[in-house]
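This note is addressed to a colleague meeting the structure for the first time. Please keep the sequence and the model in view while reading the numbered points.

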Amino acid sequence: MEKMRKYFRGLLALMLFFVASCRTEKPAGTGGGDLVEVVLSIQAPSAYVSGTYAPGTVYDGLTSLHALVFKIIGSGNETFESVAKIHGPEDGDIAGRQLVMKLRKDDEFRYRIVILANCTAPVVELLENPETLNGMEKKELMALCEIGYYGIAGNFPMWGQSDPLSVRTDGSGLTGRISLLRVMACVEVKNNAPNFDLHETYVFNVKDRTSIAPDIADFELNGEVTVPTANAAQDIAFVPFTGQLFLFDAPAATEQTFFRSTAVVVGGYVDGGIEMEYFRLDFANESGSYVPVLRNHSYVMNIQSVTGEGFSDPGLAYNGAVYGMAGTRAINAGVIAWVEDK
C-alpha cells in the first residue's frame with residue numbers, strides 16, 4: 001500500500017535580505033502624498049526554514065529579483081502599478097541584503113508587493129515593458145508569467161507576496177516580510193527492496209509549463225499551496241532521471257485522466273533475474289487515494305518490496321497499470337512528502 005507521511009522539521013529559519021533602491025519612473029501610487037520608505041525582508045526556501053525540504057543551494061540561489069507593486073482599493077481587485085528589477089553584486093547572488101522601496105502615502109488604497117525571483121527570459125521581457133501592464137489585475141498578470149520546463153537554467157524561479165500594506169498619510173516607515181516558494185516540486189526514488197535491483201527511473205507526463213505564481217486564491221485562503229496551479233500545459237511524454245528530478249505541479253490522477261497523469265516508472269531486476277522489469281508508481285496516500293504534485297514539495301518514493309511480475313518496457317508499465325489499484329500492485333512503494341510548514 002502507498003503510504004504518505006508529512007514531516008515537519010523544527011529547524012531555525014534563515015532570513016535572506018536584499019538591499020536595493022526600486023528605480024521606477026515614478027513612485028508607486030498616483031496620489032499627491034509624500035513618499036514613505038518600506039523595508040522588506042525576503043525569506044528564501046532553505047533547509048534551515050522549518051518544514052521546508054531544500055534540494056540545495058545550487059538551485060536556491062537568488063540571482064535576480066523583480067518587485068511588482070499592486071494597488072488594492074477597498075476589498076476589491078488588485079491592479080498593477082509598477083515594477084523594479086533588483087540586481088545583485090558581481091558574484092551573482094543577492095543574499096545578505098535588504099529590499100528598500102518608496103511608496104506614496106494614501107488613505108484610499110493599500111499596496112501589495114509581489115516578488116518574482118530568477119525569472120526566465122520570456123517573463124523578464126514581459127516585465128521590461130511595464131506600460132503594457134498598467135491597470136492589469138494581479139491574477140491576469142501572474143497567468144502571463146509562465147515558466148517553460150526547458151527554459152530553466154540554474155536557480156529555481158520563485159514567487160512570494162506581502163500582506164496588504166497600508167501607507168497612511170499620518171504614518172511613517174513600514175516593514176514587512178515575504179516568503180518565497182519554488183515553482184518546482186522534487187521527486188526522488190529510493191530502493192529498499194532486498195529482491196529488487198533498481199537501474200532505471202522515469203517520470204511520465206511532466207507538465208511543460210506553469211505560472212510562476214501558485215493558485216492565488218488557494219494560497220491566500222490557506223497560507224500554503226494545497227492545489228496545483230491550473231494552466232493549459234501540455235505533457236512531456238517521459239523524462240528519464242537518476243537521483244532527483246524537478247518538475248511542475250500536476251493534478252491528482254482520476255479515472256478519466258489516469259493514463260495522462262504524472263507518474264513514475266522504475267525498471268530493474270527482480271530476484272536476480274536477467275530480464276529488466278518495469279513498474280508504475282503513482283502519487284497516492286496511505287489509503288490508495290491519488291494526490292496532486294505540488295510546487296515547493298518534495299516527494300520521496302521508497303520501494304519497500306516487489307512481489308509480482310513487471311512489464312517489459314516503461315511505456316507498457318505506465319499504460320498497463322489499473323486505476324484504483326495503487327495500494328495492491330506488485331511493487332510496494334511508500335510516498336513521503338515534505339511540505340512547506342505554514
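1. A cavity, as the word is used here, is a set of points on a 1 Å grid over the protein atoms alone where a 1.4 Å probe fits but cannot get out, and its lining residues have an atom within 4 Å of a point. The second largest cavity is lined by A250, P251, A252, A253, S261, T262, D282, F283, Y290, V291 and V293.

2. The model is predicted: local features need pLDDT of at least 70, side-chain atom pairs count only at pLDDT 80 or more, and totals for chains, interfaces and linings use all residues. Residues are numbered from 1 along each chain as its sequence is written, and side-chain values use heavy atoms, with hydrogens and water left out.

3. How many cavities of 30 Å³ or more does a search of the whole structure find? The search finds two. The second largest holds about 50 Å³ of space, where a volume is the space filled by probe spheres set on the points, and grid points are joined across faces, edges and corners. Its lining comprises eight nonpolar residues, two polar and one charged. In this grouping Ala, Val, Leu, Ile, Met, Phe, Trp, Tyr, Cys and Pro count as nonpolar, Asp, Glu, Lys and Arg as charged, and the others, Gly among them, as polar.

4. The protein has five helices and 19 strands; these are DSSP runs numbered from the N terminus, helices being H or I of at least four residues and strands E of at least two. Of the 342 residues, 51% are buried, a term that means under 20% relative accessible area, with exposed meaning over 50% and partly exposed in between (1.4 Å probe, protein chains only). The accessible surface comes to about 15400 Å², and 50% of this surface belongs to carbon and sulfur atoms; the areas come from the Shrake-Rupley method with a 1.4 Å probe, and for residues only the protein chains shown count as cover.

5. A contact means heavy atoms within 4.5 Å. Among contacts between residues at least 6 apart in sequence, 82% join residues at least 24 apart.

6. Strand β18 (residues 298-306) is mostly covered, with seven of its nine residues buried. Strand β11 (residues 185-191) runs parallel to β18 and is joined to it by six bridges; two strands pair if DSSP finds at least two bridges between them. M301 in β18 is the bridge partner of V189.

7. E277 belongs to strand β17 (residues 277-281). Is E277 buried or exposed? E277 counts as buried because its relative accessible area is 18%. Beyond its neighbours within four places in sequence, E277 has contacts that include F196, V266, G308 and F311. The C-alpha atoms of E277 and H199 are separated by 9.9 Å, although the two residues are 78 apart along the chain.

8. S162 sits in the loop between β8 (158-161) and β9 (174-179). With a relative accessible area of 2%, S162 is buried. Not counting residues up to four places away in sequence, S162 touches R112, I113, R177 and I178.

9. Two asparagines deserve a look for their backbone angles. N118, in the loop between β6 (109-117) and α2 (121-127), has a positive phi near 55 degrees and is buried at 7% relative accessibility. N296, in the loop between β17 and β18, has a positive phi of about 60 degrees although it is not a glycine. N296 is buried, with a relative accessible area of 3%.

Key. 1 Å grid on protein atoms, 1.4 Å probe; cavity = no way out; pocket = protein on both sides within 12 Å on 5 of 7 lines; lining within 4 Å.
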